Structure formats: structure tokens, C-alpha cells
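Trainee: Before we plan anything at the bench, could we go through this model together, one question at a time?
Mentor: Gladly; let us look at it first.

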Amino acid sequence: MKNGMRNSAEVQLRTALRTLRKPLIGISAISCLGNVLMLTGPIFMMLVYNKVLSSKSLPTLVALSLLALLLYAFYGLLEGLRGKLMARVGITFDHRLAPTLFEATLKLPLHFGPHARNHDPLQDLASIRNYLMGPGPAALLDLPWMPIYFAILFLVNPILFLAAGAGALFLVILSLINEYATKGTIKSANQVHSATMTLLLDARRNSEAAAAMSMGDDLCKRWGSSYVNSISHARNLADHASVFGAISKTVRHVLQSAMLALGAYLVIETQMSPGAMIASSVILARALTPIDQVIGNWRSTSAAWQALRRLRVLTSKLPKAAQQKHGMPRPHHALSVRDVAIVPPGAAIATVAGVSFEIEAGDALGIIGPSGCGKSTLVRALVGAWPTARGEVRFDNALIGQYSPDALADAIGHLPQSIELFDGTIAENIARFRKDATTEQVVEAARLAGVHDMILAFPLGYDTPVGEGGATLSGGQRQRIGLARALFGNPFLIVLDEPNSNLDPLGEQSLNDAIHQMRQAGKIVVIVAHRPSAIFAANKILSVRAGRAEMFGPKEQVLAALFPRIGQPHKPSQAASPQSGSVTPITQPGPAATTGATASEAHPAPLTHSEADAPATALSSRADSLAAATVTNLDATRVQRSNGHAS
């Protein structure tokens, strides 16, 4: 559906609604014929009472009966055809919108943040589809015939017309009262039901933690409270429906009996024939049936209308897809970030502001900083998941928005902080579920990520099912397969958010080897890390604090400025790796660099080129004794640095 999403969801919805016009016109024509044929009963009764009984002619009775039977059979065929056509209209409407709304559902958290759970476009689409396939639309299509039936009653006798009109008006007023009384209840019921389902999904997603910490009872009570509230709303809706339905049926039966009694009076007064009396009662019943059906289906009608209104509001808020005649070619040279500010979806305050840097092919950038400083927010903007409120993200000097989704899909590989695999095989997950993926591409990505041998250790190899969310795999296995997925398709930019959080030393070694190979192949790698071993293969560092770029430049100089008393991060698994070398001590920055570091603490800002290239002096003997220490916690090292400056 990549090509289809080039048209916005709002345009897709309008187009789908327009396509309903022609089939509904045809179905209306069928309804017209059906309603004409419904006059067969009243006319047959009038002829039997007025002609057959008076003439006592059996051949006339047989002929009229056969004709009525033929007309009823034709009516039955038309009703069956109308039902099938309405079912196909509902399915076609669903088919046109489902892919667009599914893709919109995937992007809801990216546009609405925590408020995304208030939207369920696919459920709204299902409500509209089920309504179109049900009896509700047929009742609405029969409503225009109600005045025609009343006109026939007027021709029979104006008194009957006035009595029937008064009863119909009462039913219409009753249906409007029903709409007003249930509108708020239906809206509240939908919101409560959505909250209940969200809680259930959250509990299911965290079932392991709930079982380990005996949270089941408390979660059950919380869900139970929400569920009882949902059932209460459903009960209120059922009560409303039963009350108004009972009133509607009662009024309809009273009207039919009153019409029969009034007709008998007119027959006694010789103002109409007995046949017309019976026919008038049948015509009234037929005229009131659409109103009764509309009231009976009012709940589904109202739910479908509200679902359509929600879809219109939602699609109008979704970003419009850029229409480009000439998309940019695949990037291959540079990534530049210019004074970007990022506001998380659903929030009002920027959590990242004033970040600028530029890296080129063959660079590996390590982004470091304390928890909550905006590192993951920044990389979401780099991959195009979150828009920038200010500033620019450019690939090869072209704005990221100037690239087509297809070009970005092939150019970007992303390993998010929270690894979520999809229910499928290992090969399908690595291939990003692309139908055109080849075995060679999957194996190449697995080898590059260093997981080929691990996958072959499974009995089914690449065909091993991972289960829902990758439940059959360990955290480290999920992370390594996620890395292979990020490397699939030979992307130009690879963004890794905490890529070693679940890895053992062997996995970290494979990760760094993969980064080295990516750099040698002329790719750009961006690594967000708390553990220093993840940035061993990086050649540049961006330090972020409080949402702002604190320092940016060559790794050795930035780390020396940030951690003057701590050594350079070790390469992982040195004892097990024949390629591991000695740890290079971090040199202490010269006066210019030291001044820049101090200023950045008070006023976070990127390092200038002069600061990044400042000369370094030798470590003191005390710093030499700490040169081999591993940087394990950014906040702790900042405390040590402050103590060192104070001393």
C-alpha cells in the first residue's frame, strides 16, 4: 500500500464515499420496484373482496392468485438481490479503505502520541461496513416511499390519510427523541469500551511481568472496574433500545387497529368498500414498516454515523502525503541536522531543541547523554518517524521530506530501543515481510549482523517462528535479529538505539564488527548508547543534555572533554577477540577545549571546529591510573568530573 498512501487518507475516504453513489442509485431503483410490488397485497385484497366475492367466480380467483404469486416471487428475487448488493457495497467500501486505515493506524502513535489510543479507525470502518451489510440502509431506502403510501391512502379516503399521518408523525418524533437520548450514551460507551480494550492489551503485553510480580489480581480488579463500567453503558443502551422499540411497536399496532376500526366505520357509513377497508390497513402497515425498522436499527445507524464522523475528523488531522513528480534518488553521501527542534506527538513542549551536526559516508556517530535527555527523540526525527517543529534534517543536502517513502524505506535501517518482532518466521522478520525479498538478501543481512550461525542453531533455521512479539526468543536473540532487520537491503543510514542493551560479549563483538563493516562500505551509522562498548566503533560523538547538543566532534576529543579522569571505552570481549588491542588513554583537553566543556555545562551548545580540534596535553599520573576504567554511567562520570574540577 506504499503507492496508495501517496494520496492522503482524507482523499481516500472522500473517494470511497463517492464510489457508493452509483451502486446506491442502482439499489434505490431495486427498492423502487420492490415497493411497487408491495402493493400487490392490498390490490389483491380489494379485488377479492370487491370482485370475486360478489361474482363468486372461481376462475377469477385462480387467475388473481396466480398473478399475485408471480409478483410476490419477483419481489422476493428483488429483495434477495438488494441484500446481496448491499453486502457487496459494504465489502467494497471496506476493501478500498482498509489498507489506508491500517497504515494510518500504524502511524497513529507517531502523530498523536499517548492520545493515539483514543482512535481506532479500523474498528470504525468495521462499524460502517457491518451497517452497510445490515438491514439499516434498506429501511432508509424505503423511507422515501412512505409519502407515496400516504398519498394512496388519501385517494382512498382523506380521513384515513389524516389518521395515518398523525401516527407516522408521532413515530418520527419518537425516533428523534431516541437519537437525542442515546447520542451521549453511545459516545461514552465507545470511549469506555476503547479504554477497556486498551487495558486488556496492555495486560496481555506485560503478562510476564504481571505473573512474576503477582500483579494479576490487581490488574484484574482494575480491568474489572472498567469492564463493569462498559457493561453498564451497554445495559443503558439496551434499555433505551427496548423502551423505544416497545413504544414504537405498540403505537404501530394501535394505529393498524385504529385504521381498521375507522375503515369499518366508513364502510358502515357507505363511504368506502370492505375491500378498501382491508387494503387501507395493509397499506398503513407497509407505510409504517420503514419507520419501525429505522427505529429498531437506530443504534447501529447512530454508531455508523459517529464512526464515519470520527474517520472524517481523524483523516483531516493526519499529515497530507507529499505529491512529488520527481522523487530524490537514494542518498549516498551525507546526513546533516540543522538547528532542529522536536515536539513529541501529543505534547506541546519541545524535548529537543537547537541540535546541529553533519556526518558523512563512513562515519559512525555515537549519541550519548543521561536518560531522558532526548537521544531517542532525536533519532526518531533522523529516520523520519517524528517531524521536526523547527530546523531541517537533510540527506545529501535534500530535505528528508523530498524523498519518497519507497526511497527512505530502502535507505534507512532502524533498530529501536524497544525491540518488537512480528509473528512470523525469522526470515520474514529480517526481510521486513517484503514479498520480493530473496534468500540471499536475508542471509547477507544475517551474516553482516553476526547472527547467521545463531539462526542455523535453531532446528528450523531461518524458518523458525518467533511467536507474537518474538516471545519464543530471548531478549538478546530478538535484539540481534532486529539488528539484521535494520541491515537488510544494504541501507545508507543505520540508526541503532541502545543496540547492545541485551547483548552478551559475543553479541557486542558482532555488533562492533558490523558497524566497522558498514563504515568501510561507506554507510552512516548512528548509535544511541548508555553502555560505552556500543560506541567503540564510532569515530564521532554527540553529547546531548537537557535536549540540547552539548558537544560534537571526534570521539577522542569529545570524550576527553567530557571525562578527563576516565579512560576511553573498552572494546567488548577483548579477551575473547584476537583483534582487540590495548585501550588508548583519553587525553585531557587543552585550555580551549576545557573552556568549551565548562561553558557547555552552563549553556549547552555544540562545540565549534576550533574547540573540537584543540590540542591535548598528557594525563596526570592520577588520571593514568584511571585510564583503563570503563565509562558505565554518564551521570556518575559527570559527578566525578565536577569533583575533579573542584579539587
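**Contacts and exposure in the predicted model**

Mentor: As a starting point in this predicted model, D396 lies in the loop between β4 (390-395) and β5 (398-399).

Trainee: What is the phi of D396, and how exposed is this residue?
Mentor: Phi of D396 takes a positive value, near 50°, in a residue other than glycine. As for exposure, the relative accessible area of D396 is 24%, and because partly exposed covers the range between under 20% and over 50%, D396 counts as partly exposed.

Trainee: Is E498 buried or exposed?
Mentor: E498 is placed in the loop between β7 (493-497) and α19 (505-520), and although E498 is not a glycine, its phi is positive at about 50°. Its relative accessible area is 7%, and because the limit for buried is under 20%, E498 is buried.

Trainee: Which helix holds D94, and which holds R129, the two partners of a salt bridge?
Mentor: The side chains of D94 and R129 meet in a salt bridge with an N to O distance of 2.9 Å. With a relative accessible area of 14%, D94 is buried, whereas R129, at 24%, is partly exposed. The two residues are 35 apart in the chain and the pair links distant parts of it, with D94 in helix α4 and R129 in helix α5 (residues 121-133).

Trainee: How many residues apart are D363 and K540 in the chain?
Mentor: D363 and K540 form a salt bridge in which the closest N and O atoms are 3.3 Å apart. D363 is buried, with a relative accessible area of 9%, while K540 is partly exposed, with 22%. The pair links distant parts of the chain, since D363 is in the loop between β2 (352-360) and β3 (364-368) and K540 is in strand β9 (residues 540-545), and the separation is 177 residues.

Trainee: Which parts of the chain does the pair of D410 and R434 tie together?
Mentor: D410 and R434 meet through their side chains in a salt bridge of 2.9 Å, N to O. D410 counts as partly exposed at 34% relative accessibility, and R434 is partly exposed as well, with 23%. The parts tied together are 24 residues apart in sequence, namely helix α14 (residues 405-411), where D410 lies, and, for R434, the loop between α15 and α16.

Trainee: Which residues are joined into one network by salt bridges that share partners?
Mentor: The structure holds 11 salt bridges. Salt bridges that share partners form one network, and its members are E79, R82, D142 and R286.

Trainee: What is the geometry of the aromatic pair formed by W145 and Y149?
Mentor: A search of the whole structure gives 5 aromatic pairs. In the pair of W145 and Y149 the distance is 6.5 Å centre to centre, with 50° between the planes. Both W145 and Y149 are buried, and because planes from 30 to 60 degrees apart fall into neither the stacked nor the edge-to-face class, this pair is tilted.

Trainee: And what is the geometry of the pair F422 and F433?
Mentor: F422 is in the loop between β6 (412-415) and α15 (426-430), and F433 is in the loop between α15 and α16 (439-449), 11 residues apart. F433 is partly exposed, with a relative accessible area of 36%. The ring centres of F422 and F433 are 5.9 Å apart and their planes stand at 90°, so the pair is edge-to-face.

Trainee: Over which ring does the charged end of R380 sit, and over which that of K555?
Mentor: The charged end of R380 is 4.7 Å from the centre of the ring of W386, over which it sits. For K555, the distance from the charged end to the ring centre is 5.4 Å, and the ring beneath is that of F536.

Trainee: Which residues form a nonpolar patch on the surface together with L66?
Mentor: L66 is found in helix α4 (residues 58-112), and it counts as exposed at 56% relative accessibility. The patch has about 310 Å² of accessible area in total, and the partners of L66 in it are V62 and L69.

Technical notes. Residues numbered from 1 in each chain as written. Predicted model: local features only at pLDDT ≥ 70, side-chain atom pairs only at ≥ 80, totals over all residues. Heavy atoms only, no water. Patch = residues over 30% accessible without salt bridge, like charges linked within 9 Å, V, L, I, M, F, W, Y side chains within 5 Å. Areas by Shrake-Rupley, 256 points an atom, 1.4 Å probe, with all protein chains shown as cover. Salt bridge = Lys/Arg side-chain N within 4 Å of Asp/Glu carboxyl O. Helix = DSSP H or I, 4+ residues; strand = E, 2+ residues; numbered from the N terminus. Buried < 20%, exposed > 50% of the residue type's maximum accessible area, 1.4 Å probe, protein only. Phe/Tyr/Trp six-rings, centres within 6.5 Å; stacked < 30°, edge-to-face > 60°. Lys NZ or Arg CZ within 6 Å of the ring centre and 35° of its normal.
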